[in-house]
Each structure stands twice: as structure tokens, then as C-alpha cells.
Amino acid sequence: MALRKRGGVWHYDFAIDGRRYRGTTKETVPSRARMIEAKLMSDAKQRKLTVQRRTLTLAELSNRFLEWVEQTRLEAKSKEYYRGGWRMLASTPISSMRLSHITTDEAGALRFDHSPANTNRALRTLRRMLGKATEWGLIASPPRIKLLKEEGRSALIDKDAESRLLAAAPQPLRDVAILVLDSGMRPSEVFEMRWEDLTWDPGMIFIPRGKTKRSRRHLPMSERVIEALQIRRNGQTEGWVFPSDSACGHTTSVAKAFAKVRAALGLSKEIVLYSARHSFATKVMGATGDLSLVMRVLGHSSAQTAMIYQHPSLETVRSVINESQGATPARHNSRHTAGD
């Protein structure tokens, strides 16, 4: 029997009755690792530990995993999340690794383009796959897989940026952006809109399903939303508002078009389409001060989640300080010019 340290974690490797057992103890302390190894050896002797002379690779496991995904009662978005996560993993060396050889360190070395949330999609999929492999008796236990910290989207779209973006945006990006800016809808909710879900009098959008329990809701249409949709409608009464030739039948992303327009206008890369949802929430919160209202229109069940969308204006702080000191804008400006 033997314990070997790899990447700070102790791994076991022993043989019982001519059969080899190896994997991670998930421990960094030698004494704890030895205790786990002893327990595994005892289980192996009692035939409690599932044994395979050759464990599957992650790619070989993927077929069974994706079949399981399709057969479960997971929401359609969750199924697509895992399918997309596997596509990301399939292009990495970890896809050809034996399940028993995948450790916390191998998972931690995975990196993908774009945001931490994108990398976490692959990591969550890997974690779920190895968890199922454990349930199915293919490995003794899954490694710990740590997710990256996801920073909240803080960039807002001000009036100037909004005007320039809408002026330069091609369709369907322009109409999608207007809907997110004026209703606070998630981009995915905009893409999945159907004409049957719109009520022209009194001008309401019905969201039948979504990411949370509160996602099912009605939202008012602004005048420019009504104008944009009436032009797009062209007499239609049913079907997708943003149809495409994709497998699902509707547009699923305008990210490339948005990035192209953003670059042409010289705007910060921190500004993404989702920033429009933050901008909407900030405006509503600033005008009403009603968090429960913001939660309803955003489709949030948690006040804590809704609060990350609030970006109170720092001008409010400036006004409070100035008023407490009896300062006026003119006095503030003159003193600043004088070099104080």
C-alpha cells in the first residue's frame, strides 16, 4: 500500500487480492489520509468498494451522463446548461482522463474565455458528472471542485451610452436592448417571447416561466417598446417574436453583435447586454425606493438577490454631505477651482 502526495492532497494506491484500488483521500493531513486509506482497504476486503479494472474516461462517461440529463425532470434551461458545460469540457485534456485520475487540482486548472461564470458552468457540469459517476459505482468518491468567485455586474448604461448603442445597433439587437432597458427582462426571457404572451391593451408582457418561482409575471410596455414591437409584429398573432433558424426556433444570443457595436463606439468592455437590466432596476429603485416592487418586476424571490442590481447614485451621497454643511454647488465649484 502507498500514499502519495499530489498537488497538496494525499492519494491512495493499494492492491487487495490482486485488484488495484487508487484515488484521492481529499485530505492534506497525512494522519487523516492514512485513516481514510485504512477504511477503504477494509471496505475493499469486505467487497463494499466498487471495483473496475479500467475506469471510464470523462468522455466515455458523457454519453451516459447526457442521457441522464435528458431523462430527468430538470428544467429545459438546466438541461441546456449541462449540455453546454460538457461541450466546454470536451475541448479540454480532462475529457480524456480516467475518472479515478481527475482530482481537485486538475479541475482547478481549468480555465475558459470570458467571465468566471463561464468557467463555473464547466466546473458545475464536471462536479455533477463525477457525482453521478460515484452514484453509479464507477468511482469511490468525487473530488472537491471549487468554483471561481463571480463578481457582480456593476457597469450601467447611462443615457449617452444608451442613445449611442441604440443608434448603432442592428436588428434584432436594437429591439432586444430596448426591451431589456425598458422592462428589466432577462435577455433569455426576451428571446423566448411569443406574440401570444403580449396584451396590447393595456400594453402588457406576460412571462410564463423563467429562472425563479417569481419569474412568472406581467410587465408593462413602455411607448418605445410598443412602437418597436408593432413594427416587428407586422400583423402576426402567434409564434416567436425573435424567430431564427436555430434548433429551438428563436434567437438565443446577440452577444457578438453587442460586442461589435460596443467596440465601434469605444465603450467599456464591462458594459454587456445584461447591464441594461441593472440600469432598469437602478432607475426603478431610485424613483420609487420600493424594493418589493423591484423584486416583482425583476422576478426575484430573494431580496438579497435583488439588491445586487441596485446601484444608488453617488450624487445622493454628495447632496447629503453638501446639505449637512450648508454648501451650494456654486460655493463647492469655486472652492475646488481655488485648489482646496
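## Working through a predicted chain

Pro202 sits in the loop that links β4 (198–199) to β5 (204–207). Keep in mind that this is a predicted model. Now for some exercises.

**Exercise 1. Which peptide bonds leading into Pro172 and Pro202 are found here, cis or trans?**

Solution. Start with Pro202: the bond from Asp201 to Pro202 has omega near 25° and is cis. Next, Pro172: the bond from Gln171 is cis too, with omega near 5°. Then place it: Pro172 is in the loop between α6 (159–168) and α7 (173–183). Both are worth a look on screen, because most peptide bonds are trans.

**Exercise 2. Find out where Lys26 and Asn234 lie, and whether each is exposed or partly exposed.**

Solution. Take the backbone first. Lys26 has a positive phi near 70°, and Asn234 has a positive phi near 50°. Neither is glycine, and most residues other than glycine have a negative phi. Now the location: Lys26 belongs to strand β3 (residues 19–27), while Asn234 is in the loop between α9 (223–233) and α10 (255–265). Last, the surface. Lys26 has a relative accessible area of 23%, so it counts as partly exposed. Asn234 comes out at 68%, so it is exposed; the cut-off for that word is over 50%.

**Exercise 3. Describe how β1 and β2 pair, and work out whether β2 is enclosed.**

Solution. Strand β1 (residues 2–6) runs antiparallel to β2, with 5 bridges between them. One pair to click on: Arg4 is bridged to His11 of β2. The hairpin has 2 residues between its strands, and Gly7 has a positive phi near 60° there. Now count burial in β2 (residues 9–16): 7 of its 8 residues are buried, so the rest of the structure largely encloses this strand.

**Exercise 4. Check the length of α1, then decide which side of α1 is buried.**

Solution. Helix α1 (residues 30–45) has 16 residues, so at 1.5 Å a residue it should span 22 Å. The C-alpha atoms at its ends are 22 Å apart, which agrees. For the sides, list the buried residues of α1: Ala33, Glu37, Leu40, Met41, Asp43 and Ala44. They cover an arc of only 160° around the axis, so they are on the same side of α1. Helix geometry helps here: with 3.6 residues a turn, residues three or four places apart point the same way. Met35 and Lys45 are exposed on the other side of α1.

**Exercise 5. Which elements supply the largest nonpolar core, and which residues touch the most other members?**

Solution. This core has 41 residues, and those that touch the most other members are Val176, Leu179, Met185, Val190, Met193, Ile205 and Leu229. At least two residues each come from α6, α7, α8 (187–191), β5, α9, α10, α11 (275–288) and α12 (291–298). Helix α7 gives the most, with 7 residues. To see one member up close, pick Ile205: leaving out residues up to four places away in sequence, its contacts include Leu179, Met185, Met193 and Leu219, along with Asp197 and Arg217. There is also a second, separate core of 24 residues, including Leu58, Val69, Trp86 and Phe112.

**Exercise 6. How many helices and strands does the chain have, and what percentage of its residues are buried?**

Solution. Count the elements: 15 helices and 6 strands. Then take burial: 39% of the 340 residues are buried. The chain exposes about 19900 Å², with carbon and sulfur atoms supplying 52% of that area.

Note on methods
Residues are numbered from 1 along each chain as its sequence is written. This is a predicted model: local features need pLDDT of at least 70, side-chain atom pairs count only at pLDDT 80 or more; totals for chains, interfaces and linings use all residues. Side-chain values use heavy atoms; hydrogens and water are left out. Helices (H or I, at least four residues) and strands (E, at least two) are DSSP runs, numbered from the N terminus. Buried means under 20% relative accessible area, exposed over 50%, partly exposed in between (1.4 Å probe, protein chains only). Accessible areas come from the Shrake-Rupley method with a 1.4 Å probe; for residues, only the protein chains shown count as cover. Two strands pair if DSSP finds at least two bridges between them. A nonpolar core is a set of buried Ala, Val, Leu, Ile, Met, Phe, Trp, Tyr and Cys residues joined through side-chain atoms within 4.5 Å. Contact means heavy atoms within 4.5 Å. The expected span of a helix is 1.5 Å times one less than its number of residues. The arc is that of the directions from the helix axis to the C-beta atoms.
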